[in-house]
Amino acid sequence: MRLTVIGTGYLGATHAAAMAELGHEVLGVDVDPDKIEALSAGRVPFFEPGLPELLKKHVDSGRLRFTTDYDEAAAFATVHFVGVGTPQVKGSYAADVRYVDAAITELSRRAVGKHVVFGKSTVPVGTASRLQQLASLTVSERARQAREAGDTQAADALENTSIEVAWNPEFLREGLAVKDTLEPDRVVLGLQKPGAVCDGAGREAEPAAEAILRECFAPILARETPIIVTDTATAELVKVSANAFLATKISFINAVSEICEAAGADVTTLADAIGADARIGRRFLNAGLGFGGGCLPKDIRAFMARAGELGADQALTFLREVDAINMRRREKAVDLVKESFGGSLLGHTVTVLGAAFKPNSDDVRDSPALSIAGSLSLAGAAVVVHDPQAMETAKRVFPTLDYAPSIDEALAGTEMVVVATEWQQFRDIDPVHAKSLVKRAAVLDGRNCLPTAAWQDAGWEVTSLGRG
């Protein structure tokens, strides 16, 4: 098939490369010329394991191209995936959907014929229905203007043009995005209700989205991957509900870790025990500094905001506490570092290992690691940061921090180490060698990822979260 992917950030670039891998001809579309230039040269402007190789493979083969031109996109294909960002509105919990709106508007101003748009962005429930109306009205207005201008041929073509908006949410994990796209746990498709898709003359158009998506994902579905076909509202809610559940699970174990700290219990052993229950499961029961990134924090806030708009705000009040627990763990880490120095950080050096919100990523959006580094610096400490991949992105957010190019350089002469991102490189640090580099052998294991006994045997003072 020929298809476009509108938006070439983390989601869009991965989806575009994966669709090319499935055998389709793909045109990536973005308004950022620098990003398009990099992708066209086969370079990924962010870190995602496996994606650079996949991207270059299909750019070189000619199966994958990129453009900033919506006219080219509308002429290239009648199947479009929209994967633009939906960040949190400044000063509000709500999601900013203007980039999704812009993508649909620009396409609707140019499309002729039968087009299908699959939204992949995480959006407030009701967005797909609203976008369907926007697309239909835009096409109808174009048809009216052509008729009034006497352009009968264009008017006839537009009156037989329709844009069907469906929703196909993504469930990508940063660091595993290529695998999650090509080998998903499930495929979800939300369709408009009958009669919601209209052509330029206001006539109902035959829904085509399900058949087209099945063709797009044929190799994936051939492996008996489950496909769930539902209405657009349910499909939109699936993604935000999944993220809210994961955030709740993480904050639950972090809330329990606060009790463990007070009672002298071990949250890691506790998590192993309750995670053995098949109804609960061990995944995402890792106490520590909490969650971050560009999805979970802003998605649960947008979920709450949308529930309030729908008059169901009481249903999600618990998510406020989920968010509060998550932020409290960062404050706890900073307090533990202060306590280690008798209450004041002035004149002391602290090394923070980690800047990305999770390993195998260079994403520092709402990163607990970088948040803690910034707070320690504001409290008077000289902070040195090292991360295997996120140094450049971190520097753009916190240029005043010191950044060391290696672990050894980050540890040299420091008085305390904070492990804030569970990179394998940090798990593998030799505590005996590390002790020879530091001024004071104290470590806060913010991710409960170090072999505590080995570090203690090497002479380190080890502090862990939730292990009183």
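**Figure 1. The start of helix α2 in the predicted model.** In this predicted model, a side-chain oxygen of D32 comes to within 3.0 Å of the backbone nitrogen of D34 at the start of α2. The helix spans residues 33-40, and I36, A38 and L39 are buried in it. Viewed down the axis of α2, these buried residues fall within an arc of 165°, so they line one face of the helix. The face of α2 turned away from the buried side carries P33, D34 and E37, which are exposed. D34 thus appears twice in this view: its backbone nitrogen is approached by the D32 side chain, and the residue belongs to the exposed face. After α2 comes G42, which has a positive phi near 85°.

**Figure 2. The surroundings of the buried face of α2.** The cover over the buried residues of α2 includes two helices, α1 (10-21) and α3 (51-61). It also includes two strands, β2 (25-29) and β3 (64-67). The residues beneath this cover are I36, A38 and L39.

**Figure 3. A73 in helix α4.** A73 is part of α4, which comprises residues 70-76. The relative accessible area of A73 is 0%, and the residue is therefore buried, the cut-off being under 20%. Leaving out residues up to four places away in sequence, A73 touches T4, L27, V29 and H80. For orientation, E210 is 137 residues from A73 in sequence, and the C-alpha to C-alpha distance between A73 and E210 is 22 Å.

**Figure 4. F81 and the largest nonpolar core.** The largest nonpolar core contains 41 residues. Within it, the residues that touch the most other members are L3, V26, L64, F81, F118 and F217. Helix α1 supplies the largest share of this core, with 8 residues. Another core, of 31 residues, lies apart from it and has A333, V350, V352 and L465 among its members. When neighbours within four places in sequence are set aside, the contacts of F81 include L3, F118 and F217. The contacts of F81 also include T4, V5, I6, H15, K120, N168, L213 and C216.

**Figure 5. The open parallel sheet.** Six strands form an open sheet with parallel pairing, in the order β11-β10-β9-β12-β13-β14. Strands β11 (402-403) and β14 (461-464) are its edges, each of them pairing on one side only.

**Figure 6. Strand β10 between its two partners.** β10 (residues 382-386) is mostly covered, with 4 of its 5 residues buried. Its parallel pairing with β9 (residues 349-353) extends over 5 bridges. In this pairing, T351 stands opposite V384 of β10, and V352 stands opposite V385 of β10. The pairing of β10 with β11 is also in the parallel sense and comprises 2 bridges. Here V385 has Y403 of β11 as its bridge partner. V385 accordingly faces V352 in one pairing and Y403 in the other. A right-handed β-α-β unit is made by β9, helix α15 (residues 368-378) and β10. A further right-handed β-α-β unit consists of β10, helix α16 (residues 391-397) and β11.

**Figure 7. Edge strand β14 and the crossover from β13.** Strands β13 and β14 run parallel and are joined by 4 bridges. V443 has V462 in β14 as its bridge partner. The chain passes from β13 through α20 to β14 in a right-handed β-α-β crossover. V462 and S464 make up the covered face of β14, while E461 and T463 make up the uncovered face. V462 therefore belongs both to the covered face and to the pairing with β13.

**Figure 8. Two loop residues with positive phi.** Neither E224 nor N448 is a glycine, yet E224 has a positive phi of about 65° and N448 one of about 50°. E224 is located in the loop that joins α10 (218-221) to β8 (227-231). N448 is located in the loop from β13 (442-445) to α20 (452-457). The relative accessibility of E224 is 72%, which means that the residue counts as exposed. N448, by contrast, counts as buried because its relative accessibility is 17%.

Note on methods
Residues numbered from 1 in each chain as written. Predicted model: local features only at pLDDT ≥ 70, side-chain atom pairs only at ≥ 80, totals over all residues. Heavy atoms only, no water. Buried < 20%, exposed > 50% of the residue type's maximum accessible area, 1.4 Å probe, protein only. Arc of directions from axis to C-beta. Contact = heavy atoms within 4.5 Å. Polar contact = N/O pair within 3.5 Å; in protein donor to acceptor, adjacent residues only side chain to side chain. Pairing = 2+ DSSP bridges. Core = buried A, V, L, I, M, F, W, Y, C linked by side-chain atoms within 4.5 Å. Right-handed = clockwise from strand over helix to strand, strands pointing away.
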